[in-house]
Amino acid sequence: MKSELTPLQKRAKSKFITLRLMRKMCVLDSPLRRGYETTTACGCTIEQKDGKLTSRYCGYRWCSVCNRIRSAEYISKYEPILKSWIDTQFVTLTVVNVEASKLLETLKEMNKNFRRVLDLMRKRKIKVCGLRKVEITYNKEANNYHPHFHILIAGKAEAEMIQEEWLRLNPSARGIAQSIKSVDADDVNVYKEIFKYLTKLFSKDKNGKYKEVNPEALDIIFRVMKGRRTISTFGFKAPVIEEEGELELTEATDAPGAEIKTWVWIENDWYDTGTGEALTNFRITKKIERMLIETGLYNTT
């Protein structure tokens, strides 16, 4: 069933949940702690004027609110280009899981090997257009990390050649863990998948229950990727989008009126500083409560 939440209610939901995650992240002894603290103030004030709502957002990768905003920007700018490709393939390239101390080294080696693959194709006079996204997941049972690439590429033959060369350069990688599948370039879900998060902030087990959040593991992933791009392109001129950095967003929709107002976030919604009126009327549902309990974010101080 599709969500019946308005865009602003979805943003309120993301902010409500992100705040609880950040309360866990802010107590870590991490060089990113100041950034986590900044995220607690992300989009806390919304200015209303002339029927538009404007706010500033932190822009960090660990912020669910900013992930949604930036993903929408990527889709808006890249979708027209990617739709022009013929025979679009979704490729996943992986290596074996590694412990935390080897994660950065492994990512550097993966990037180097992927550049080698592209260099080889250029030497063979094979033109290839594609977009590559880094994703890292954490395996709680094994206490290790799974870095991998998701790639959109034009042409099945080109995709198969990239996979073949990847396995040659990464002999420890399992062939069964790699994948190639044809995708519909008109399906927006394809772009949602490629332009999503660096890592899953929240995930479910095979029974549909949310897994407990591991702040330390998330912190390791964000520290390793600090200052590094998660998205890179090859073979075509790509729109320039900053992956991190403060965002300002002005929306012409959902404003309750044309008068000048200031809305401030309190607990689960933005409230008019003059009247106390709620902006979105977002409510914490039983489903959200269950998610917070299962992830360990229900009781945070």
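A cavity is here a set of grid points where a 1.4 Å probe fits but cannot get out, and its lining residues are those with an atom within 4 Å of a point. The views below show a predicted model.

**View 1. The largest cavity and the residues around its centre.** In this predicted model, 16 residues line the largest cavity, and R61, N67, R70, K196 and T230 are the ones that lie nearest its centre. The volume of this cavity is about 190 Å³, and a search of the whole structure finds 3 cavities of 30 Å³ or more.

**View 2. Composition of the lining of the largest cavity.** The lining residues comprise 7 nonpolar, 4 polar and 5 charged ones. Helix 3, which spans residues 64-82, gives the most to this lining, contributing 5 residues.

**View 3. The open sheet of 5 strands.** Its strands follow the order 8-2-1-9-10 and pair in antiparallel fashion. Because strand 8 (247-251) and strand 10 (269-272) stand at the edges with a single partner strand each, one side of each is left without a neighbour in the sheet. Averaged over this sheet, neighbouring strands are turned by 25 degrees against each other, direction ignored.

**View 4. The pairing of strand 1 with strand 2.** Strand 1 (residues 45-49) and strand 2 (residues 52-57) run antiparallel and are joined by 3 bridges, and E47 stands opposite T54 of strand 2.

**View 5. Helix 3 against the sheet strands.** Helix 3 lies across strand 2 and strand 8, and runs at about 70 degrees to strand 8. Helix 3 is also the element that gives the most to the lining of the largest cavity.

Methods
Residues are numbered from 1 along each chain as its sequence is written. This is a predicted model: local features need pLDDT of at least 70, side-chain atom pairs count only at pLDDT 80 or more; totals for chains, interfaces and linings use all residues. Side-chain values use heavy atoms; hydrogens and water are left out. On a 1 Å grid over the protein atoms alone, a cavity is a set of points where a 1.4 Å probe fits but cannot get out, and a pocket is an open set with protein on both sides within 12 Å along at least five of seven lines; lining residues have an atom within 4 Å of a point. Grid points are joined across faces, edges and corners, and a volume is the space filled by probe spheres set on the points. Helices (H or I, at least four residues) and strands (E, at least two) are DSSP runs, numbered from the N terminus. Ala, Val, Leu, Ile, Met, Phe, Trp, Tyr, Cys and Pro count as nonpolar, Asp, Glu, Lys and Arg as charged, and the others, Gly among them, as polar. Two strands pair if DSSP finds at least two bridges between them. Axes are lines fitted to C-alpha atoms, for helices over the stretch in contact, and angles run from 0 to 180 degrees between N-to-C directions. Contact means heavy atoms within 4.5 Å.
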